[in-house]
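Good morning, and thank you for coming. Please take a moment to look at the sequence and the structure before I go through them.

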Amino acid sequence: MTHFGGIAGLNRSGGSSERYGKCRRRDGGFTLLEMLVVLVIAGLLVSLAAVSLTRNPRTDLNEQAQRLALLFESASDEAQVRARPIAWAPVAGGYRFDVRTEDGWRPLQRDDLLRERHWEGGVTDISIDYPGSNLHPDRLVFGVESIGAAVTITLYSAVGRVTIVGTGNGRFEVR
């Protein structure tokens, strides 16, 4: 023990001489352990975000079918407004809508809604069937009348299939 100013056990800075030198204050910064803990937490958060952002392919296929069903309804309405049949036809990598003219079927031009599109949702194949018939046409025709034949359009992908059902009254639903 040192004597300083008549008080036993204190050094010049006023602290205890037994603890002086053994307990030092850290100068700013982080320890390696603290940095590792932060990195592990950040890594976990990033991996959880990546998992939640990954889309389900089955959901993508169903959304493609929903979009297509709405486009079918719009095409049916458009055929009545134009007083000309409109057809939907699958093409390589996608599909398009055609309008019947005096020269035959022609792609719809300058129509943002019924423009040619690429498949989304992983669609690999389609089939068009008219229930109760042996017809398997390569296009779906929307006539100028509001009543038509019932039809099913099936979209196939690596994760399964989904069917769009046309009731014959211009409305389509996904099943």
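A residue is called buried here when its relative accessible area is under 20%. In this predicted model, buried residues account for 27% of the 175 residues in the protein. The protein exposes about 12,100 Å², and carbon and sulfur atoms supply 56% of that area.

Let me turn to the overall layout. The secondary structure consists of two helices and 11 strands. Along the sequence, the order is β-β-α-α-β-β-β-β-β-β-β-β-β. As for contacts between residues at least 6 apart in sequence, 49% of them join residues at least 24 apart.

I shall begin the details with helix 1, which spans residues 32-53. Which residues make the nonpolar surface patch of about 520 Å²? They are Leu 33, Val 37, Ile 41, Leu 45 and Leu 48. Val 37 has its place in helix 1. Its relative accessible area is 43%, so Val 37 counts as partly exposed. A patch residue needs over 30% relative accessible area, and the 43% of Val 37 is therefore consistent with its place in the patch.

Next, the strands. Strand 3 covers residues 86-91, and strand 4 covers residues 94-101. These two strands pair in the antiparallel sense over six bridges. Their hairpin has two residues between the strands, and Gly 93 in this hairpin takes a positive phi near 80 degrees. Strand 3 also runs antiparallel to strand 8, residues 140-142, and three bridges join them. Trp 88 appears in both pairings: it stands opposite Phe 97 in strand 4, and its bridge partner in strand 8 is Leu 140.

Finally, I should like to draw attention to two loop residues. Most residues other than glycine have a negative phi. Ala 83, however, has a positive phi of about 60 degrees although it is not a glycine. Ala 83 lies in the loop between helix 2, residues 57-82, and strand 3. Is Ala 83 buried or exposed? With a relative accessible area of 56%, Ala 83 is exposed.

Arg 110 is the other residue I wish to mention. Its phi is positive, near 55 degrees, and Arg 110 is likewise a residue other than glycine. Arg 110 sits in the loop between strand 5, residues 104-107, and strand 6, residues 117-118. Its relative accessibility is 83%, so Arg 110 counts as exposed.

Terms used. Residues numbered from 1 in each chain as written. Predicted model: local features only at pLDDT ≥ 70, side-chain atom pairs only at ≥ 80, totals over all residues. Heavy atoms only, no water. Patch = residues over 30% accessible without salt bridge, like charges linked within 9 Å, V, L, I, M, F, W, Y side chains within 5 Å. Areas by Shrake-Rupley, 256 points an atom, 1.4 Å probe, with all protein chains shown as cover. Salt bridge = Lys/Arg side-chain N within 4 Å of Asp/Glu carboxyl O. Helix = DSSP H or I, 4+ residues; strand = E, 2+ residues; numbered from the N terminus. Buried < 20%, exposed > 50% of the residue type's maximum accessible area, 1.4 Å probe, protein only. Contact = heavy atoms within 4.5 Å. Pairing = 2+ DSSP bridges.
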